[in-house]
Amino acid sequence: MTQTAPLLSCRGLTKRFGPFTANEAVDLDLFAGRVHALLGENGAGKSTLMHMLSGRYRPDAGQILLSGRPVRFASPAQSLRRGIGMVHQRFLLVEPLTVAENLSLSLGRLLHAAEVRALSERFGVAVDPQRRVEDLSMGERQRVEILKLLARDASVLILDEPTSVLVPEEARELYALLRALALGGRAVVFISHKLEEIGRTADEVTVLRRGRVVARNLAPASDLDPAELARLMTGSALPEREQAARPEPGELVFAATGLAGGEGTGFSGVDLQVRKGEILAVVGVAGNGQEALAAALGGVRPFAAGEIAFLGRSLPARRWGGQRGSVAYVPEDRHGRATAPDLDLVDNFLLTSPCGAGLLPDFAEAERRVRRAMEEFRIAASGPGAKARQLSGGNLQKFILAREMDRRVPLLVAEQPTQGLDVAALAEIQAALRRAARDRAVILFTGDPEEALALGSRVGVMYRGRLTLCPGGSGPQALERLGRLMAGLEAA
Amino acid sequence: MLADLTLVAQIAVKSSVAVLLAGLGEVLAERSGVFNLGQEGMMLAGALFGFAAGAATGDPFLALGAAMLAGVLLAGLHALFVVGLCADQVLSGLAVALLGGGITAFLGRGWISRPGLRLGTWDVPLLSKIPALGEVFFRQPPLAYAAYALLPLVCWLLSRTRAGLCIRAVGENAQAADAAGAPVRLVRTLCVLAGGAFSGLAGAYLSLSYTPGWKDGMTAGQGFIAIAMVLFATWRPWRLAAGAILFGGLSALQFYFQVAGLDLAPIWVLRVLPYVLTLAVLVAANVLGPLKRLARAPGDLGRPFFRE
Amino acid sequence: MIRLVPRHGGAVRSGLWGLGLALCLALVSGAAAFALLGADWVQAYAAMAAGALGSAQGRMDVLIKAAPLIFTGLAVALCCRLKAWNIGAEGQFVFGAVGVALAGLRLFPGGGAWLLPACLAGGAALGALWAAIPALLKTRCGVNEILSTLLLNYVAVIFMEHLYFGPWRDPAGFGFPGTAELPEAAWLPLWPGTRLHLGLALALACAVLLWLALERTRFGFQCRVLGQNPEAARYAGFNVDRLTLTAFLFSGALAGLAGACEVLGVQHRLQEGLASGVGFDGVIVAFLARLHPLGVPAAALFLAAILVGGDQLQTALGLPGAVVRILEAALLFGVLAGDWLAARRLVVTRAEAGHAG
């Protein structure tokens with residue numbers, strides 16, 4: 001591999017948002033002619049890092065070097081002028097306008113259809129100038145975004161999770177395009193958390209975890225072991241995970257067969273059962289259908305098909321939403337969905353608690369329960385009158401769990417409850433989940449296989465919308481097996 | 001019979017000019033994403049200052065210029081609050097409407113029932129001789145011809161020029177337009193100011209040609225009707241012309257029925273029709289799928305722009 | 001270098017700050033407007049104060065004028081809690097009046113002890129119905145409620161004019177357009193010896209009731225959540241459409257009561273000049289009160305004083321009463337500017353040498 005100087009690199013790049021550190025001391029090198037993959041879990045800091053390189057965020061510390069010279073960008077427009085362009089997950093296209101109009105806007109002059117076609121041919125990016133963006137498929141829209149950057153002579157192309165919106169056919173086309181663009185002398189970086197793509201598309205890989213680089217410029221990518229990558233991505237954050245004695249599983253609370261979310265939701269043919277006293281830990285790399293499954297189990301979104309037996313009663317899965325009163329659902333978004341940030345803890349408690357039923361909610365009782373929860377769960381807040389936005393992530397999560405456990409319903413569905421939490425809070429939440437499991441059945445969705453093994457009496461792996469159950473266990477072999485299942489390398 | 005029809009049509013066109021002019025201005029503002037409820041105030045300001053300047057100097061161009069300036073100043077206030085301070089567009093617009101009404105009531109008291117410059121009907125040579133159509137379209141006050149010219153101009157601006165592309169992009173998705181380098185704040189401010197100029201012209205039309213003269217509150221809600229017409233026209237200038245003619249036609253019919261003593265429909269139903277029709281179009285636009293695309297509002301209409 | 005930087009502080013504190021700044025800015029810009037337009041602002045303000053507060057008559061007028069303003073202010077404030085706009089208070093006010101005329105003149109002309117409550121109920125009901133239309137258009141058809149409420153205002157006024165010019169016209173009216181006078185049994189009782197009618201007490205009661213409802217009931221709680229955070233409301237399973245409709249119904253009923261009390265307490269018939277901008281005044285009152293139901297009466301009294309004082313400008317200084325609209329506009333602008341300022345704090349920094357590289 002020829003070691004030329006990197007086209008774009010950074011040293012010691014750091015970014016903080018208030019008390020939260022998104023990136024810490026990141027060093028990275030991007031070379032012309034190579035396709036580079038940036039891997040990491042949700043919240044690992046990949047997007048933040050790329051936003052700094054593309055000028056959207058200003059780094060708090062560190063340096064960015066373009067062709068060896070330090071640069072500072074005040075805005076994405078400035079970085080684009082220097083040749084660094086980024087395609088975001090949410091495309092920055094004006095949908096009612098045509099492709100030609102969007103390109104005109106970006107280039108600052110009106111383009112005829114013929115000019116657009118010429119550009120399209122020159123760069124090998126197929127677009128139709130006359131069609132409106134809103135009528136295009138995701139893959140086509142993405143090509144327009146890429147063409148926008150190429151027409152501005154971008155030499156560094158950054159793509160944020162480009163295949164998350166593509167069907168496999170379009171993804172293959174994209175890989176081919178990226179390779180061609182790199183061969184044309186550009187540095188191409190794409191952010192991903194999908195392990196299986198890496199070998200096919202990238203020349204080298206960098207892995208981020210919790211804001212830091214844990215592995216740099218691993219190459220050649222095709223030789224890398226996805227299970228090892230999975231381990232690098234998730235890592236082990238806790239020194240020791242206690243294996244508490246598991247209570248005997250009790251009655252069958254929830255059993256379902258053939259659950260499907262319908263088109264586009266990403267899961268089908270899911271069978272699962274869970275009993276009182278046990279935690280079913282569903283683990284998988286993000287984007288394999290867990291989000292939709294969790295929302296459907298929580299009663300927030302409808303199932304398209306399947307049969308459910310709940311506490312002995314059968315019902316078609318389509319009618320599961322009516323059972324919302326019997327399911328406690330802790331969604332992934334703790335700040336904007338599970339709680340209302342600008343309301344106080346009492347109001348937030350009443351969101352799902354039965355004290356809130358009836359014409360006159362019992363505010364006094366709710367306040368009592370909030371106080372009790374604050375004591376029991378050691379929630380650090382100024383009092384029941386504190387606004388939800390004032391609580392830290394860990395404390396807010398404890399509050400949400402306390403609220404849902406107070407409801408005394410037979411089933412608890414928790415989605416990524418420990419995501420983004422520091423070590424201490426994480427341990428507390430896990431302990432709370434174990435306590436919750438004593439009186440109810442718990443389905444836990446997590447991205448961390450170590451957590452799944454530590455907490456789950458049984459473990460399931462979501463891959464491409466299908467759930468595969470496997471025995472739990474502990475130790476490195478179990479972990480490795482999970483990693484392989486998560487990467488789709490093994491069928492249980 | 002034909003003579004009657006022609007007369008009604010002529011009055012219809014005559015009654016539509018103010019709404020059309022104000023509506024064109026509002027189309028520009030709303031396509032860029034800013035909702036300006038202050039039309040009423042800007043039109044009144046244009047009416048008064050145009051009339052006063054005309055009466056004082058006798059020069060029609062000075063009069064129109066003063067009217068446009070008055071509209072622009074009030075619009076500038078709206079732009080300051082809405083674009084500069086990212087304040088709520090509805091409240092700011094209402095405040096502008098109130099302000100325009102109050103200022104003109106105050107300053108206008110010396111001008112009530114005073115004679116002033118009159119820009120009466122001006123026959124276009126040759127064209128006005130065309131039977132029927134000539135009478136309807138080419139025997140109108142001069143500002144009507146200005147409206148005829150401004151309509152295609154605004155269309156052309158929005159659909160064929162780079163500036164128009166910027167305006168549309170800013171109104172649909174300000175963040176994307178900003179990322180593409182469009183000066184969002186500047187574009188919105190200019191569009192709001194242009195809207196003010198148009199409204200001033202509309203007001204001047206009322207006080208110099210239509211009524212003519214100055215009377216407190218003489219716009220009588222036509223500013224809000226213009227806003228409703230913009231919605232009725234789903235933000236497309238040509239459809240706005242259709243809406244304005246419809247409004248003018250209904251006004252002309254009311255007048256005609258009263259004069260001719262006819263009783264085909266209760267007067268109040270005729271008066272209420274413009275508003276009800278607008279509501280019906282709004283409902284249809286949201287309910288009927290294929291129309292949805294035609295009728296969709298600019299995506300960022302009403303949302304203040306913050307650079308994240 | 002002095003900069004204004006966004007502040008992340010308490011909402012209430014910034015709300016009060018905003019109000020204070022709003023009032024100052026309004027008074028200052030009002031004075032400037034007067035001065036620019038050739039009037040002596042000191043004299044003008046003095047005349048207004050004297051007119052509104054200086055005499056018993058004036059104070060009485062202020063109280064009477066405040067009653068409908070409290071109702072419409074509450075109506076606007078309620079919908080704004082859900083981040084929805086009800087600019088249709090004017091139309092709902094009109095239909096409240098129409099409801100009273102319907103009950104008192106057409107349905108039950110006989111009179112009786114229960115005529116007054118029937119009229120009030122009729123007014124509230126019609127006002128609620130008129131507000132239900134834009135609410136349903138919003139929830140079922142996605143029509144923007146700002147425009148639908150505005151358009152329906154005009155429809156309501158035209159319809160009412162048709163009624164008192166046409167089918168409901170008083171045959172003994174001597175040529176003045178208007179309905180017949182309502183039977184006295186329907187009139188709101190007056191505070192003995194004054195012209196102050198029960199409507200004010202009703203309005204104050206509604207303010208307290210609305211506050212209690214918003215604070216203590218499930219409806220109020222759900223409104224709170226929906227207004228602050230629609231995502232959380234959906235997660236919690238609230239029926240957003242039903243909530244919106246209910247809020248608009250109550251809002252319309254309040255505005256309808258405003259119209260009902262105005263007819264039953266002051267005018268006693270439908271005639272010209274009934275509505276006259278009370279809907280927009282309600283918007284001003286609601287925002288001066290920072291959307292708080294208990295603040296609405298105070299804001300309404302303040303605005304009523306300005307309006308009554310404005311009438312005085314006519315007699316004392318020969319200024320048209322409509323000039324008060326300048327003050328109203330200044331108040332609105334003041335609220336907007338005050339909010340913006342209060343959400344920021346002054347930061348004095350030294351010129352920076354540039355960020356750490």
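I took two residues to be in contact if their C-beta atoms, placed from the backbone, lie within 7 Å. I note that the model I examined is predicted.

**Entry 1. Chains A and C**

With that criterion I looked up the contact between chain A and chain C, and I found 25 residues from chain A and 16 residues from chain C. I then asked which elements give two or more residues to the side of chain A that touches chain C. They are strand 4 (61–66) and helix 10 (345–350) of chain A. I sorted the residues on this side of chain A by character and recorded 13 nonpolar, six polar and six charged.

**Entry 2. Chains B and C**

I turned next to the contact between chain B and chain C, to which chain B contributes 35 residues and chain C 33 residues. On the side of chain B that touches chain C, I listed helix 4 (89–107), helix 10 (222–232) and helix 12 (267–287) of chain B as the elements giving two or more residues. Helix 4 of chain B gives the most to this side, with 13 residues. By character, I divided the residues on this side of chain B into 25 nonpolar, six polar and four charged.

**Entry 3. C:Ala186**

I located C:Ala186 in the loop between helix 6 (145–165) and helix 7 (199–216) of chain C. Is C:Ala186 buried or exposed? I counted 26 C-beta neighbours inside 10 Å, and because the threshold for a buried residue is 20 or more, C:Ala186 counts as buried. Leaving aside residues up to four places away in sequence, I found that C:Ala186 touches C:Gly104, C:Leu115, C:Leu116, C:Cys119 and C:Leu264. I also checked C:Gly112, which is 74 residues from C:Ala186 in sequence, with a C-alpha to C-alpha separation of 8.2 Å.

**Entry 4. A sheet in chain A**

I traced an open sheet of six strands in chain A, in the order 16-17-18-13-19-20, with mixed pairing. Its edge strands are strand 16 (327–330) and strand 20 (466–470) of chain A, each of which pairs on one side only. I recorded an average turn of 20° between neighbouring strands of this sheet, direction ignored.

At one edge, I found that strand 16 of chain A runs parallel to strand 17 (residues 411–415) of chain A and is joined to strand 17 by four bridges. Within chain A, I noted A:Tyr329 opposite A:Val413, which lies in strand 17.

Finally, I examined helix 13 (residues 423–439) of chain A, which packs on the sheet and touches strand 13 (279–283), strand 17 and strand 18 (441–446) of chain A. I noted an angle of about 150° between the direction of helix 13 and that of strand 18 of chain A.

Note on methods. Residues numbered from 1 in each chain as written. Chains lettered and ligands numbered in written order. Predicted model: local features only at pLDDT ≥ 70, side-chain atom pairs only at ≥ 80, totals over all residues. Nonpolar A, V, L, I, M, F, W, Y, C, P; charged D, E, K, R; others polar. Buried ≥ 20, exposed ≤ 12 C-beta atoms within 10 Å, placed from the backbone. Pairing = 2+ DSSP bridges. Axes fitted to C-alpha atoms, helices over the stretch in contact; angles between N-to-C directions.
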